[in-house]
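Dear colleague,

I am passing this structure on to you, and I would be glad if you could look it over before reading my notes. What I found in it follows below.

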Amino acid sequence: MIRKFFLWLVGLGFTGLVLAVAAVLGAFWYFGQSVPDHSQLAGYQPATVTRVHAGDGRLLAQFAVEERFAVPISAIPKRVVAAFLSAEDKSFYQHPGIDLPSIGAAVIKNVLLVVQGRRPVGASTITQQVAKNFLLTNEVSIERKIKEAIIALRLEQAYSKDRILELYLNEIYLGRSAYGVAVAALNYFDKSLDELTVAEAAYLAALPKAPNNYNPITKKPAALARRNWVLDQMRDNGYIDAEQAAAAKAEDLVVRERGGAARAQADYFVEEVRRELAGLYGDDVLYKGGLSVRTTLDPQLQGSADKALQDGLIDYDRRHGWRGPLAQLDSVPEAWHAAVEAFERPVAALPEWETALVLAVQDTGAVLGFADGRQGHLPFSELTWARPWLEEQKVGARPKRTADVLTAGDFILVEAVVEDAEGEAYPENSYGLRQIPAVNGGIVAMDPHTGRVLAMSGGFSFGASEFNRATQATRQPGSAFKPFVYLGAFEEGFTPATIVLDAPITIDQGEELGKWKPANYSEEFYGPSPLRLGVEKSRNLMTVRLAQQVGMRKVKEVAERFGIVDNLEPVLAMALGSGETTVLRLTRAYSELVNGGKAIEPTFIDRVQDRQGQTIFRHDQRRCEGCLADVWQGQDVPVPPDTRAQLADPAVVYQIVSLLEGAVQRGTGVRLRELGIPLAGKTGTTNDSRDTWFMGLTPDLAVGVFVGFDTPVPMGAKETGSSVALPVFKGFMAQAMQQRPVVPFRIPPGIRLVWVDRFTGERSNPGAEDAILEAFQPGTEPAFGEAPRVLPDVGSAVAPSAAGTAPAAGDKPLPPSPSTTGTIGSGIY
């Protein structure tokens, strides 16, 4: 009887086992029909950070959805692997994807947890976690666990253990915005993986289950306990011995803020790079593709450009008065420091500026209060610039006392100062009044031989406005366009010594448009003058007459050939720079003057590499035979081919550069002469001073500056490119040329330098008064006693058709009009 009962019991158990196995197999078959396809992991690449570097290797920016650096398993130190295996899956290299003993233990434990009303625990292997993280959700259910197990078994059949572990260690979230072990090492300890101690590796391995529960700052005891548990597991699993474990446990858990690589700051430049990368590869690759981008930026020049532009905008703004405090309180509260602390700092304020509250106004200045309870003094001598701003950029009377500018309860911006304008030292805790400029501008510095943008700033503050005035603002360049009118004339046989009449001229613009009467900025006329003076002194009337003779079709062709304007309207006003362009485009055109007339393409990016290090973009596409030699064996130095298109005769463009040198030595750019270096440049100012420009050149650097209000309005009486934009260029160049070699402008073959009188264009002798060396193409230079060529006066009145289609060079000029006088219009200058 007992035997029968035993056999029945065995049979029942066997039947139950068969049914259980069948149920498991059935569940695996049923749920296996709907699990995601694991084969998609075959080519999986984790989303990694795109890093953008300056030309010297310094980090500029990172673009990412999740901050992650993918590291191959072969590069992950063994102690890091050992820590994670000990904490998460000690039998990883032995099980087939699921760990049956661990599952059994978890089932028993979960029965007890359910009875207690607590959340059940899992027994997931690393393979199962990969299955869940990549292919499933975080849903807590039997169905999800079954699918997880099915996928884990399939993953183990399809991929090596090392590949599965690599996916896990690069994908897992470990707190502090760190995805993957490489970023976690940086974010917690400011170390690379191979620099981690055993204790630090153990702490990282303690985090996967619940990073927030083991925060090393807010929950340090729990974090230490969990880390020490991992160290015990590493000892028990044979990865470290007892002595190593004890030493690691004795180590404190100290978080170090991430310092990282040296960084450079160039917000407008970086945004231009981001837009270009997004256009080339799309947002998905940009933010997840792990690109490595080497840009053209020179951080030193960028710092100089930012400071020069900010200083120039501040200087202009101070000339036009004080617009008042940021905000005002009716009275100074007793807890004034709390009021300052709560006040929102303007985004556009420079880092060195502080927000302060005026606590009291005195004869000697103002008493200031700061958010941290400090007090300071603002001397009256730091307020003398703060004349009240008036409409049309005018200013009121100079302040005579502190109360003319400030009242108690004013919130203002200030900056620490140590001495006054005469160099006398201020007392400690002295401050100067500051104001965010209402005007804005842009600056571009370019290598004229390659088009590489070395520095670029598009405004006073990127935080306040991302609009880039160097690349996005299309404005009239005014006289900065004139050199290209003269270039067209030189191509048609004119010379710098050709005489043009500087006298009034009236242009009939056609029915209902009235008559245009351009004028020189000085509102004076200078009679017959060489073309050189037309550039050096920026003579509008000479330029208009020259454009009439050459023809606006020629001017249009030159402007489009040099990429200044895409479709210039061929009317005479365009000769004075009324066609809109950008700082970047005009800087490129000036670069093509100084580089000998070679076409260049502006670029912000030198090279882009993918996550495998393969170059997928390179700005310089030239093939250089011999450049990739492994060793130096006395062979000739390779010479890369020059594939740039020739836009103009090098002799002609040098003549223009020579005129622009004269503008610095004797003309509208004479303020630059004190720098004592070879410089060429041209100012630009438009009607009512709405736009101010300076375009400057050295033999190896081209710089463009624009300053104006975002909504074009007059910048005030007597404000021109010379007073507003040129100082920005000067401030930049004074810094930029400290570390760059000083070389003269290069003279191409086919140029003859001849002494002439700069006021008459006639041949002269060296050392004679007003004698200069003028650049001529062979056969065009004047002989002694020979009068220079004189441009025929085309008269004062031009028919509407002529204004739009102006005669080409060599055409018979229109007859002079008897009306050569009249009222002078503002013109463009």
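The expected span of a helix is taken as 1.5 Å times one less than its number of residues. By that rule helix α9, which covers residues 220-236 and so has 17 residues, should reach 24 Å, and the distance from its first C-alpha to its last is indeed 24 Å. Please keep in mind throughout that this is a predicted model.

To stay with α9 for a moment, its buried residues are A223, R226, R227, V230, L231, D232, Q233 and M234, and the buried residues of this helix pack against α2 (78-88), α8 (198-205) and α10 (242-250). After α9 comes G238, which has a positive phi, near 85°.

A second helix, α18 (residues 583-594), can be put to the length test as well: its twelve residues should span 16 Å at 1.5 Å a residue, and its end C-alpha atoms lie 17 Å apart, which agrees. Ten of the twelve residues of α18 are buried, so this helix is largely enclosed by the rest of the structure; the buried residues are V583, L584, L586, T587, A589, Y590, S591, E592, L593 and V594. Just after α18, G596 takes a positive phi of about 90°.

Turning to the strands, which partners does β10 have? Strand β10 (residues 410-416) pairs in the antiparallel sense with strand β5 (residues 354-362) over four bridges, and L357 stands opposite F411 of β10. Four bridges, again antiparallel, link β10 to strand β11 (residues 431-434), where Y431 is the bridge partner of A416. Strand β4 (residues 327-328) is joined to β10 by two bridges, and these strands also run antiparallel, with Q328 standing opposite D410 in β10. As for cover, β10 is mostly shielded, since five of its seven residues are buried, where buried means under 20% relative accessible area.

Finally, some figures for the whole protein, which has 21 helices and 24 strands. Of its 829 residues, 50% count as buried, and the accessible surface comes to about 38400 Å², of which 53% belongs to carbon and sulfur atoms. Among the contacts with a separation of 6 or more, residues 24 or more positions apart account for 69%.

With best wishes

Key:
Residues are numbered from 1 along each chain as its sequence is written. This is a predicted model: local features need pLDDT of at least 70, side-chain atom pairs count only at pLDDT 80 or more; totals for chains, interfaces and linings use all residues. Side-chain values use heavy atoms; hydrogens and water are left out. Buried means under 20% relative accessible area, exposed over 50%, partly exposed in between (1.4 Å probe, protein chains only). Two strands pair if DSSP finds at least two bridges between them. Contact means heavy atoms within 4.5 Å. Accessible areas come from the Shrake-Rupley method with a 1.4 Å probe; for residues, only the protein chains shown count as cover.
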